[in-house]
Amino acid sequence: MVEDEGIRRYVAHFILWIGIAIVAFPVYIAIIASTQDNALIANGQMSLLPGGHFFEVYYQTIFVGTSGSTREPVGNMMLNSLVMALAIAIGKIAISIISAYAIVYFRFPFRMSIFWIIFITLMLPVEVRIYPTYKIVADLHMLDSYAGLALPLIASATATLLFRQFFMTVPDELLEASRIDGAGPLRFFWDTLLPLSRTNMAALFVILFILGWNQYLWPLLITTRDDMQTIQVGIRKMITTTDALTEWPIVMATAVLAMLPPVFVVVAMQKLFVRGLVETEK
């Protein structure tokens with residue numbers, strides 16, 4: 001039995017390392033390609049060892065940009081994506097937690113009907129409502145703006161559902177104790193529910209930040225100026241139809257830089273993220 005358990009453990013670790021290699025190898029290729037000469041990559045002669053153009057390529061990528069498809073520095077694209085991702089994540093959490101609080105703790109007509117209407121919006125993909133949303137944003141003159149990038153995406157039925165389910169597990173005794181202490185609805189929300197929801201908000205923030213950072217279709221539609229495009233749109237514009245014209249080291253460097261903020265958020269909030277998921281499942 002002990003030997004069988006050891007064999008299973010080694011097999012499990014072997015499979016795990018294979019999975020890691022499959023996931024990590026493309027990232028390694030991107031990092032290596034970002035240090036190579038463009039001619040070597042275009043000719044299919046790229047080495048699997050780091051090249052000597054690391055500082056040159058990354059300086060041009062962050063501060064200068066490409067010379068052809070888009071001349072906007074990637075640093076500005078990353079700023080646009082960061083503002084958009086933060087606005088979407090914080091906006092979704094703020095609106096969802098307030099909506100869930102109203103649905104759970106207030107009694108008003110059509111309360112459950114409103115909740116189910118919110119829930120039904122999960123069945124509507126972005127592509128279904130993309131044209132009316134674009135029309136409204138255009139009529140409000142929010143094209144090529146941070147408000148246009150973020151505001152149409154800050155409503156979240158999923159986050160509202162998760163907060164509602166969590167609030168329903170909060171003991172009623174906490175609400176009664178707050179009332180005895182003379183706390184009103186706002187004070188109960190601020191002093192009691194928000195601290196209890198900290199791990200849930202952290203888990204949702206990680207998921208929603210990555211969701212906002214990876215947005216491609218919506219920024220592609222509403223941004224016409226290079227200085228307002230996000231990094232995902234920038235990567236697509238850098239890749240031209242003719243391989244010889246594509247500056248592959250800059251494209252790969254941009255892809256590597258695009259991975260850093262989500263990785264940083266996941267690593268920085270890992271403990272809260274795991275605790276939030278566990279508490280949500282309970």
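The following paragraphs lead the reader through a predicted model, from its annotated spans to its surface, its internal spaces, its charged pairs and two residues with positive phi.

A record supplies the starting point. In an unreviewed entry, UniProt places the feature "transmembrane region" at residues 12–33, 82–106, 113–134, 146–167 and 248–269. Two of these spans may be set side by side in the model. For residues 113–134, the model gives 59% helix and 0% strand, and the end C-alpha atoms lie 27 Å apart. For residues 248–269, the figures are 95% helix and 0% strand, with the end C-alpha atoms 33 Å apart.

The N-terminal part of the chain offers a view of the surface. Helix α1 covers residues 2–33, and I15 has its place there. Together with I7, V11, F14, I18, I22 and V23, residue I15 forms a nonpolar patch on the surface, and these residues have about 710 Å² of accessible area together. I15 itself has a relative accessible area of 52%, so this residue is classed as exposed, the cut-off being over 50%.

The discussion now turns from the surface to the open and enclosed spaces of the model. The largest pocket has a volume of about 700 Å³. Its lining consists of 24 residues, and those nearest the centre of the pocket are K92, R129, L153, A155 and S156. Several helices take part in this lining: α4 (74–105), α6 (130–139), α8 (157–167) and α11 (198–213) each supply at least two residues. The largest share belongs to α4, which contributes five residues.

An enclosed space is found as well. A search of the whole structure yields one cavity of 30 Å³ or more, and the largest cavity holds about 40 Å³ of space. The residues that line the cavity are V126, R129, I130, T133, P152, L153 and W218. R129 and L153 therefore appear in two settings, since both line the largest cavity and both are among the residues nearest the centre of the largest pocket, where lining residues are those with an atom within 4 Å of a point.

Charged pairs form the next topic. Five salt bridges are found in a search of the whole structure, and three of them are described here. In one, R179 pairs with E176, and the closest N and O atoms are 3.5 Å apart. Both residues lie in helix α9 (residues 172–180), at a spacing of three residues, about one turn of the helix. R179 counts as exposed, at 52% relative accessibility, whereas E176 is partly exposed, with a relative accessible area of 41%.

Another salt bridge joins D191 to R187, with the closest N and O atoms 3.3 Å apart. Because these two residues are four residues apart in helix α10 (residues 185–196), about one helical turn separates them. D191 is partly exposed at 44% relative accessibility, and R187 is likewise partly exposed, with a relative accessible area of 48%.

The salt bridge between the side chains of K237 and D226 has an N to O distance of 3.9 Å. K237 lies in helix α13, while D226 lies in the loop between α12 (217–222) and α13, so the pair ties together parts that are eleven residues apart in sequence. K237 counts as partly exposed at 30% relative accessibility, and D226 counts as partly exposed at 32%.

Beyond α13 the chain leads to another loop. E247 is placed in the loop between α13 (231–238) and α14 (248–268). This residue counts as buried because its relative accessibility is 17%, below the cut-off of 20%. The C-alpha atom of E247 is separated by 18 Å from that of Y28, and the two residues are 219 residues apart along the chain.

The backbone of one further loop deserves attention. H141 is not a glycine, yet its phi is positive, at about 60°. This residue has its place in the loop between α6 and α7 (146–150). D144, also a residue other than glycine, has a positive phi near 55°, and its place too is in the loop between α6 and α7. The two residues nevertheless contrast in their accessibility: H141 is exposed, with a relative accessible area of 72%, while D144 counts as buried, at 14%.

Conventions. Residues numbered from 1 in each chain as written. Predicted model: local features only at pLDDT ≥ 70, side-chain atom pairs only at ≥ 80, totals over all residues. Heavy atoms only, no water. UniProt positions renumbered as here; feature names shortened; annotations may be inferred. Patch = residues over 30% accessible without salt bridge, like charges linked within 9 Å, V, L, I, M, F, W, Y side chains within 5 Å. Areas by Shrake-Rupley, 256 points an atom, 1.4 Å probe, with all protein chains shown as cover. Salt bridge = Lys/Arg side-chain N within 4 Å of Asp/Glu carboxyl O. Buried < 20%, exposed > 50% of the residue type's maximum accessible area, 1.4 Å probe, protein only. 1 Å grid on protein atoms, 1.4 Å probe; cavity = no way out; pocket = protein on both sides within 12 Å on 5 of 7 lines; lining within 4 Å. Points joined across faces, edges and corners; volume = space filled by probe spheres on them.
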